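Biologist: Could you pick one part of this model and take a close look at it with me? I'm new to this, so please explain the terms as you go.

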Amino acid sequence: MTVSQPSAVEVGLMAGRAGYVLRANDRGRFTVASPTLYPHMWSWDAGFVALGIATVSVPRALDELRTLLTGQWATGMIPHILFHSPSDYFPGPERWRTQVAAARPPEVLTSGICQPPIHVIALSRILHDARRRGGTDQQLAEDFVRETFDQWLAWHQYLATARDPYSYGLVEIHHGWESGMDDSPRWDVPYANVHPQPDMPPFVRADLAHVADPSQRPSDAEYARYLWLLEQKVRVRYDDAAYRSTGDFVVGDVLVSALLAAASDLLADMGEELGIGGGSSGGVEQSRAIARRFRTGVLRSVDPDTGLARDLDLRTGNWLEVESAAGFAPLLCGGDEAVTRRQRDLLLGPRWCGHSRLRWPVVPSVSPASADFRERTYWRGPQWPVLNWLMAWALNRSGEQEAANQLRLAGLSQLIDCDFAEYYEPVTGETLGSRDQSWTAAIALDFLA
Ligand code: 9WN
């Protein structure tokens, strides 16, 4: 299917409406992920949001990242949620009970787990835009990189050490929420070994009050497991090593690992360009070493038969064979031209974006040709615009401009109604989940810029 360029009127309308959504979700120095379902700041959402805002205001985009860093733990971890005000979101701070953790930040309440390290990818894009504009924007962005370089490095080092203690080259996650793809079939096998115990405090879900159809969200049984893992983290006071010995869910995540590799290379590039992180502190070299280790880990995970990368269940030592978009992790971190070419062809081919049933040739979260595909359920098949953005970004970076532009145009066509939904039904194109989702509006702005 070929997709045409949006008209000038459509571009103007979409940019205006996306800007409106981001302003409406702006709470001063941070942006809520969505108006009602997610009324707080989420970690990887904030990265996408920042790069979208940068197309309109570089200073405000930098503020978004600055606020996120106020939540950084002493371990270097950037937590997956920063809670700035009370809300009905569940699980909120009273459930996370991060006061049991010595490493929690002093000034803001947070969750106790993390999310994919997209932030430095966003920052490098913001810096690139700011340099194109020059003047104050460039100055502010360069100063910001100097000011925060060590904090980003600490974040990456946390993932590379506390979350990869045996140097496998795969970042270990302790909760499906840490992957950003909560109920993906990637996690069905490891979650089958998560057994909520009767002494887990009872809970009432709040998310279902904000969506029209519960089948678009994870099930109650899945939520019980999510809450049980949270409980296990609290019981070890958020100590990663202690959790590793006792926790039910420990998985090497290829997508997080690929993002860490790509982000670490970009951090090293910025350090070199700005003359920081060199010398005795060695931040640039440390970043390069992290990039190399995780790129190797990701490439090692590729299944020679399918051409897709695989997560590793660290409890059993088994590869997880699932046709999810995370299988395209090697496209994000590069490192092997033959793998990149094969992945490009696979991504645009009939099992993925070129599948005949798709309304738009946009990356689905699970291949429509897979038995795991569920077109309306969350990360089990729907198209998430941010995933499509990531793949377009990766293709661009590996010199595949034409393919990248194909995904960009398809992504824009999908968003033409300006609902900026959280995710989309891939066969009918229907909007699902939350509306006015900040990161969806943000990537629209970036695609239009
Ligand atoms: C749990 C905010 C977040 C995204 C995740 C998405 C969803 C939360 C939830 O919303 O997760 O973190 O309550 O379902 O899965 O990727 O960051 O938009």
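Modeller: Let's start with a word you'll need: a residue is buried if 20 or more other C-beta atoms lie within 10 Å of its own, exposed if 12 or fewer, and partly exposed in between, with C-beta atoms placed from the backbone. Residues are numbered from 1 along each chain as its sequence is written. This is a predicted model, in which local features need pLDDT of at least 70 and side-chain atom pairs count only at pLDDT 80 or more, while totals for chains, interfaces and linings use all residues.

The part I'd pick is helix H5, residues 119-133. Its name comes from DSSP runs numbered from the N terminus: helices are H or I runs of at least four residues, and strands are E runs of at least two. How far should H5 reach from end to end? The expected span is 1.5 Å times one less than the number of residues. H5 has 15 residues, so it should span 21 Å, and its end C-alpha atoms are indeed 21 Å apart. Right after H5 comes Gly-134, with a positive phi of about 70°.

Now look at which H5 residues are tucked in. The buried ones are His-119, Val-120, Ile-121, Ala-122, Leu-123, Ser-124, Arg-125, Ile-126, Leu-127 and Ala-130. And what covers them? The cover includes helix H2 (43-53), H3, H6 and H10. Contact here means that the C-beta atoms of two residues, placed from the backbone, lie within 7 Å.

Let's meet some of those neighbours. H3 (residues 58-69) and H6 (residues 135-161) also pack on each other, at an angle of about 10° with their axes 10 Å apart. The axes are lines fitted to C-alpha atoms, for helices over the stretch in contact, and angles run from 0 to 180 degrees between N-to-C directions. Under 35 degrees counts as roughly parallel, over 145 as roughly antiparallel, 65 to 115 as roughly perpendicular, and the rest as oblique. H3 and H6 are therefore roughly parallel to each other. From H3, Val-58, Pro-59, Leu-62 and Leu-69 meet Asp-137, Leu-140, Ala-141, Phe-144, Thr-148 and Gln-151 of H6. By class, that contact has 7 nonpolar, 2 polar and 1 charged residues. (Ala, Val, Leu, Ile, Met, Phe, Trp, Tyr, Cys and Pro count as nonpolar; Asp, Glu, Lys and Arg as charged; the others, Gly among them, as polar.)

H10 (residues 254-274) is another neighbour worth a look. With 21 residues, H10 should span 30 Å, and its end C-alpha atoms are 30 Å apart, which agrees. H10 is mostly covered, as 17 of its 21 residues are buried. Gly-275 follows H10, and its phi is positive, near 65°.

Before you leave, glance at the loops too. Pro-91 sits between strand E2 (81-83) and helix H4 (93-96), and the peptide bond leading into it from Phe-90 is cis, with omega near 0°. Arg-97, in the loop between H4 and strand E3 (109-110), has a positive phi near 45° despite not being a glycine. Arg-97 counts as partly exposed because 16 other C-beta atoms lie within 10 Å. Phe-420, between helix H15 (401-414) and strand E8 (423-424), also isn't a glycine and has a positive phi of about 50°. Phe-420 is buried, with 26 other C-beta atoms within 10 Å.
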